[in-house]
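Reader: Hi, I'm new to this one. Could you show it to me and walk me through it?

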Amino acid sequence: MITLDDVTLTFPDGERRVTAVDHVSLTARPGVVTGITGPSGSGKSSLLAVAATLIRPDSGRVLIGGSAGSGGSHAGDGAVSGAVDAAVLSRDDATALRRERIGIVFQQSNLLPSLTAREQVLVMAHLGGGHRAAVTRARVDELLDAVGLSGHGDKRPAQLSGGQRQRVAIARALVHDPDVLLVDEPTSALDQERGAAIMDLIARLTHERGTATMLVTHDMVHRAVLDELVTIVDGRLTDGAPAGVAVRAA
Ligand code: ADP
Ligand code: MG
């Protein structure tokens, strides 16, 4: 699971600073898709980048792994045991943690043009080092099957549709069997039908593999596949029915 605990992130903006994420506390639990919605510029991608350990927050904790304490208390009460606080790790340690435990899918699939679908996934596997480097071709093909790309392993990005490229990106994100899956607007480059299929796929993989999934979308047409939903406006989680669901560790 992943818990953001009272996270604040600012960016320089001329002589002042803009607050992109403002005291946000949010937990994504294993096997659950936690949706994050909100208007453009509200801080969704910034929040995800903090969760991904790509940006270190100004303050707050980013707790990866562990389990919710039995007290049923708010994340801010320290109710997460056995977790690593990624916000205090060195850059190298954060990178190692990310490669082992976090899968990331961005808006664009960001595939390497010269590599086949199978190679895209294998390359990611080898970045991890250690025992995870021993990912076999059979394991990669199993993942490609799981994302609906059986028989497409030898194709390069130019030979794949936008939806298929996003499926490769999802397989690549899952190759380390991550605890946490972070997905930013995965359907924004797709038509509605293909977008819906990608959302269904992410939900199914989350439930089957037990990943703690945080998924950013501004498109409420996909509301039905989100198990929980929070709304962010001006960097803050808003009050109100949908927002209340996931802000507390269960
Ligand atoms: P969203 O994903 O909801 O559209 P973002 O997280 O991208 O929102 O942006 C939130 C705020 O942070 C915006 O005001 C944006 O301009 C600002 N911001 C995001 N990334 C940067 C950056 N690298 N440098 C400066 N400001 C940024
Ligand atoms: Mg964004």
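Author: Sure. One term before we start: a salt bridge here is a side-chain nitrogen of Lys or Arg within 4 Å of a carboxyl oxygen of Asp or Glu. Also keep in mind that this is a predicted model.

Reader: Okay, how many salt bridges does the structure hold?

Author: There are ten of them. In one, the side chains of E228 and R29 meet at 2.5 Å, N to O. E228 sits in strand 11 and R29 in the loop between strand 2 and strand 3, so this pair ties together parts that are 199 residues apart in sequence.

Reader: And E228, is that buried or exposed?

Author: E228 counts as buried, at 10% relative accessibility. R29 is partly exposed, at 25%.

Reader: Let's back up a bit. How many helices and strands does the protein have?

Author: Seven helices and twelve strands. The protein has 250 residues, and 51% of them count as buried.

Reader: Pick a helix. Which residues of helix 4 are buried?

Author: V140, L143, L144 and A146. Looking down the axis of helix 4, these buried residues fall within an arc of 160°, so they line one face of the helix.

Reader: What do they pack against?

Author: The buried residues of helix 4 pack against helix 3, helix 5 and helix 6.

Reader: Which salt bridges involve helix 4?

Author: Among them is R137 with D141, at 3.8 Å, N to O. Both lie in helix 4, four residues apart, about one turn of the helix. Another is E142 with R209, whose closest N and O atoms are 3.1 Å apart. E142 is in helix 4 and R209 in helix 6, so that pair ties together parts 67 residues apart in sequence. E142 is partly exposed, with a relative accessible area of 35%. There's also a network: salt bridges that share partners join R118, R137, D141 and D154.

Reader: New topic. Where is H176?

Author: H176 is in the loop between helix 5 and strand 9. H176 is buried, with a relative accessible area of 5%.

Reader: What does its side chain reach?

Author: The side chain of H176 reaches the backbone oxygen of M124 at 3.3 Å. H176 is also 9.7 Å from H126, C-alpha to C-alpha, though the two are 50 residues apart in sequence.

Reader: Last one: which residues make the nonpolar surface patch of about 240 Å²?

Author: L112, V123 and L127 make that patch. L112 is in the loop between strand 8 and helix 3, and it counts as partly exposed at 44% relative accessibility.

Note on methods:
Residues numbered from 1 in each chain as written. Chains lettered and ligands numbered in written order. Predicted model: local features only at pLDDT ≥ 70, side-chain atom pairs only at ≥ 80, totals over all residues. Heavy atoms only, no water. Buried < 20%, exposed > 50% of the residue type's maximum accessible area, 1.4 Å probe, protein only. Helix = DSSP H or I, 4+ residues; strand = E, 2+ residues; numbered from the N terminus. Arc of directions from axis to C-beta. Contact = heavy atoms within 4.5 Å. Polar contact = N/O pair within 3.5 Å; in protein donor to acceptor, adjacent residues only side chain to side chain. Patch = residues over 30% accessible without salt bridge, like charges linked within 9 Å, V, L, I, M, F, W, Y side chains within 5 Å. Areas by Shrake-Rupley, 256 points an atom, 1.4 Å probe, with all protein chains shown as cover.
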